[in-house]
Structure formats: structure tokens, C-alpha cells
Amino acid sequence: MNADIPGRLFDVQPDDVVITALPLFHVFGLSSILNVCVRFGCTMSLIPRFDADAALTAIQRDGATIFEGVPTMFVALLSHPELEKYDLSSLRVAISGGASIPAPVLNAFEERFGVVILEGYGLTETASTTTFNKSATDRRAYSVGKPIWGTQTQVRDSEGGALPPGKDNVGEVVTRGLHVMKGYLNNPEATAEVFTGDWFHTGDLGYFDQDGFLFIVSRKKELIIRGGYNVYPSEIENVLHAHPAVAEAAVIGIPDERLGEEVMAVVTLRTGRSLVAAELIAYCRERVAAYKYPRVIEFRDELPKNTLGKILKAELAPHRGGPK
């Protein structure tokens, strides 16, 4: 898909106050926030380390108009026990990136805060942004938007052919244009692995809809193949996040002698809520195909995250002693 028209990613004005706790050594914080604020002369209110209390206090104190964060930050704000005491009426838009935000979290945040979340997609190798929902009036909820100006993005099959639009046509997202790196420093082998000509292979799986909006469904390496069927973790995570007792959830594949892989969910619960594995398995079983629902549930006090707040799925192997 080709980007349509040149222009700024979204409508940033000099009187905007952008608030974030994203580290500026990460491409999201540096390129999508700091550089945007410098370019358009708006104010950036930076929280040294994300904490829901600190973020809410800063939004109220500084009259923040834009909040930018990763999905776990939106979850934390929604879960704050004293959310009602803060005046958040200055907010006019929120930006989510770094990972796909679960649909139930997006819905709940927009309803509670009264602002639209604009979701985008990119990588360090693409100078942070590849696609974006540019405005509240021209966006597609749950998608990561359309290719930005100066870029091209396609979804390709395993043979390298471009796939047509449609949610049944999931393939690897590839992109080229002004945003793509020249290569990995002093590592020509790694560079060659991710390029076909000038097309950069992202390692993400997704599809375009008929209107040119991109939907990301999984990382290739996170795809679960259960008994020959593809299971995309994000679909199951959306179901889990819709449960009223679930605060956060991550789905991974674990080895299984009979099926190759089994679906496992690692979950944290909202304060004051209780739940047992059998209840949550039954909840999922009613909402997804039989081969998709998690057979293994593990409850934890918290999920491992990096400095950006992204969940580290590689560290979610079952605890010794088996699932709880």
C-alpha cells in the first residue's frame, strides 16, 4: 500500500502539552515524542519513570493535552483506584505504540477518559514510525493506521508475493522508504537477513483491510502452531483483557509432545479480584475456536517488562512446579 499525502503524523500545535514517561533512549520516546515536540514547538512534560500516580498528577498539573505511552501504561492508568480525584479534562488525544494495545483496553480508556487513542506501528529500524492513524476522524479502531508519507508497506506470503487485503490474508509486513535504516552497524550478515532489495522485513505478521489500514496480529516468532493450526497471541489476549478480573495478560506457546505447542496464558488480576484457572479457561473457550483457547493458565503478581514497559514474553516460561 502506498501512503497517500505528505504531512505531519497528527495535528500537533504549539500550545499542546505532551506528557510521557517513555525513555528518550528508545526510538518511540526520541523520534515520536521529543523530535515532534521540537519540530512543532510544543511542550513536553517528561516523567522520569512511569508511575500511574505521577502520570495522573502531571496531566492535571500541566494541563496535558496529549498522553503518549505503551499499552501497559494505559492499563495502569485505568486500574488506578483513585482515578476519579484527578482532573483530566485537558486531554484531547492519546497515542499508543510499542506493542498492540488490546481492544478491551482501548475501548475502556476511550470511554473513561473521553479521548481517542491513535495507534501507530514501527520499529527502531524504521525510525520509529511506519504506519499511523493520523486523526480521530480518519482512523480505524484496532488498526495501526496507514503508511506514512514517503513510505511503502506490503504484506507478503512465504514466497515473497504481495497479499491482497482481507483478514484471511495474513503475512509478513515489509516496508521501504525514507524511514528505513541503511543497515546494522558493522553487521552485514544481519543486514542481509532482513532485506530483500530495499524492502525491509519487519518480522511482524499482519493484514490490510480494504481501505488500506494495517492490522498487526503477531510477531512471527510469537506465532503459536498448535496441532498444525496458527494461533495468534493477540487474539487470545484481547479475550483475556475483556474479563473483568484480569488486569494484564500475555499468551505464549509452550512445548507439547502431541501437538507441538500448547497455548498458555500468564495473567495478573485486578486489585481485590479473585479467579481460578478453570474459570478463565471456560471463559476463553466460549469466545474463541476450540484450538485457540489456553489450556494452561498461570497467575502472577506482575509480568516482566523492559524499561519501555513492554511485556517480555521470552521470560514467561512456566514457573517451576507447573501452572497455578
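**Exercise 1. Place Asp53 in this predicted model and say what surrounds it.**

Step 1. Start with the secondary structure. Asp53 belongs to helix H2, which covers residues 52–62.

Step 2. Check the accessibility. Asp53 has a relative accessibility of 37%. Buried would need under 20%, and exposed would need over 50%. Asp53 is therefore partly exposed.

Step 3. List the contacts. Leave out the neighbours within four places in sequence. Asp53 then touches His80 and Tyr86.

Step 4. Look at the side chains. Those of Asp53 and Tyr86 make a polar contact at 3.2 Å.

Step 5. Take a distance across the model. Tyr229 is 176 residues from Asp53 along the chain. Their C-alpha atoms are 43 Å apart.

**Exercise 2. Which strands form the sheet of 7 strands, and where does H2 pack on this sheet?**

Step 1. Write down the order. It is S2-S1-S3-S4-S5-S6-S7. The sheet is open, and its pairing is mixed.

Step 2. Find the edges. They are strand S2 (43–46) and strand S7 (146–147). Each has a single partner strand, so one side of each lacks a neighbour in the sheet.

Step 3. Add the helix. H2 packs on the sheet and touches strand S1 (17–20), S2 and strand S3 (66–69). The direction of H2 makes about 170° with that of S1.

Step 4. Study one pair. Strand S4 (residues 93–96) and strand S5 (residues 116–121) run in the parallel sense, with 4 bridges. Opposite Val93 stands Val116 in S5.

Step 5. Add a helix to this pair. Helix H4 (residues 103–113) lies across S4 and S5. H4 runs at about 145° to S5.

**Exercise 3. Why do Cys37 and Cys42 not count as bonded?**

Step 1. Find the closest sulfur. For Cys42 it is that of Cys37, at 3.6 Å.

Step 2. Apply the cut-off. A disulfide needs the two sulfur atoms within 2.5 Å. The sulfurs of Cys42 and Cys37 are therefore too far apart for a bond.

Step 3. Check the total. The structure holds 0 disulfides. Cys37 is accordingly in none, with the sulfur of Cys42 as its nearest cysteine sulfur.

Step 4. Ask about accessibility. Are the two cysteines buried or exposed? Cys37 has 5% relative accessibility, so it counts as buried. Cys42 has 10%, so it is buried too.

**Exercise 4. Describe the sheet of 3 strands and the helices on it.**

Step 1. Read the order. It is S15-S16-S17, in an open sheet with mixed pairing.

Step 2. Name the edges. Strand S15 (246–256) and strand S17 (296–299) each have a single partner strand, so each has one side without a neighbour in the sheet.

Step 3. Give the twist. On average, neighbouring strands of this sheet are turned by 25° against each other, direction ignored.

Step 4. Examine a pair. S15 pairs with strand S16 (residues 260–269) in the antiparallel sense, over 10 bridges. Ile252 has Met264 in S16 as its bridge partner.

Step 5. Place the helices. Helix H6 (residues 233–241) packs on the sheet, touching S15 and S16. The direction of H6 makes about 145° with that of S15. Helix H7 (residues 277–285) lies across S15, S16 and S17, at about 130° to S17.

**Exercise 5. How many residues of H6 are buried?**

Step 1. Count. The number is 7 of 9.

Step 2. Name some of them. Among them are Pro233, Ile236, Val239 and Leu240. Glu237 and His241 are also buried.

Step 3. Conclude. With 7 of its 9 residues buried, H6 is therefore largely enclosed by the rest of the structure.

Conventions
Residues are numbered from 1 along each chain as its sequence is written. This is a predicted model: local features need pLDDT of at least 70, side-chain atom pairs count only at pLDDT 80 or more; totals for chains, interfaces and linings use all residues. Side-chain values use heavy atoms; hydrogens and water are left out. Helices (H or I, at least four residues) and strands (E, at least two) are DSSP runs, numbered from the N terminus. Buried means under 20% relative accessible area, exposed over 50%, partly exposed in between (1.4 Å probe, protein chains only). Contact means heavy atoms within 4.5 Å. A polar contact is a pair of N or O atoms within 3.5 Å; within protein, one must be able to donate a hydrogen and the other to accept it, and residues adjacent in sequence count only if both atoms are side-chain atoms. Two strands pair if DSSP finds at least two bridges between them. Axes are lines fitted to C-alpha atoms, for helices over the stretch in contact, and angles run from 0 to 180 degrees between N-to-C directions.
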